[in-house]
Amino acid sequence: MLRKAAINTVARMPATTKLSELLSSEAGASIRQLSISELREALAALLPARPARPAASAAAAASESEGAANGAGEAREVQVYKQILTAIEDEPLTIGQLAKRIDCDIAELRGYLAWMKKMGKIDSTGRARATRYHKPAGA
């Protein structure tokens, strides 16, 4: 699961991102665990996506200006990370509640939550559908 999140992180980074930036990011530990073939797979995802960008519609331009206002050019992963922390600040939330609040797909969110829990950024209580994510005790 963390490998998939790391691959997705690499695949979504701008083509101008330096390897040192990736390795020093929050996802750096997971990215270090990728094999060369997994890294190649993630980088291959960049190639087809780039040529379509110059022919983008007005919606893409609006999305970029919204992104600039939201995070001043921050990577989507950083924005989602911050949104998760903000959402669970007041009360514990289930994955479904989190997905609705931050407008993120549950499958993608599951990867973020697993990584954040492993890194000690969040904690969870309950099991299965009753699992609620919250800040760690004493944080």
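Reader: Why is Glu108 called buried or exposed here?

Author: Glu108 has a relative accessibility of 17%. Buried means under 20% relative accessible area, exposed means over 50%, and partly exposed lies in between, with a 1.4 Å probe and protein chains only. Glu108 therefore counts as buried. The model is a predicted one, in which local features need pLDDT of at least 70, side-chain atom pairs count only at pLDDT 80 or more, and totals for chains, interfaces and linings use all residues. Residues are numbered from 1 along each chain as its sequence is written, and side-chain values use heavy atoms, with hydrogens and water left out.

Reader: What makes the pair of Glu108 and Arg76 a salt bridge?

Author: The closest N and O atoms of Glu108 and Arg76 are 3.1 Å apart. A salt bridge requires a side-chain nitrogen of Lys or Arg within 4 Å of a carboxyl oxygen of Asp or Glu, so the pair qualifies. Glu108 lies in helix α9 (residues 106-118) and Arg76 in helix α7, 32 residues apart. Helices here are DSSP runs of H or I with at least four residues, and strands are runs of E with at least two, numbered from the N terminus. Arg76, at 36% relative accessibility, counts as partly exposed.

Reader: How many salt bridges does this rule give?

Author: The count comes to three. Lys135 and Glu89 form one of them, at 3.7 Å from N to O. This pair joins the segment after β2 (132-134), where Lys135 sits, to the loop between α7 and α8, which holds Glu89, 46 residues apart. Glu91 and Arg101 also meet in a salt bridge, at 3.0 Å from N to O. Glu91 is in the loop between α7 and α8, Arg101 is in helix α8, and the two are 10 residues apart.

Reader: How do you know whether Arg101 is buried or exposed?

Author: The relative accessible area of Arg101 is 49%, so Arg101 is partly exposed. Its partner Glu91, at 37%, is partly exposed.

Reader: Why is α7 called oblique to α8?

Author: The axes of α7 (residues 76-87) and α8 (residues 95-102) come within 10 Å and cross at roughly 120°. Angles under 35 degrees count as roughly parallel, over 145 as roughly antiparallel, 65 to 115 as roughly perpendicular and the rest as oblique. The crossing angle therefore makes α7 oblique to α8.

Reader: Which residues make the contact?

Author: Val80, Gln83, Ile84 and Ala87 of α7 meet Leu98, Arg101 and Ile102 of α8, where contact means heavy atoms within 4.5 Å.

Note on methods
Axes fitted to C-alpha atoms, helices over the stretch in contact; angles between N-to-C directions.
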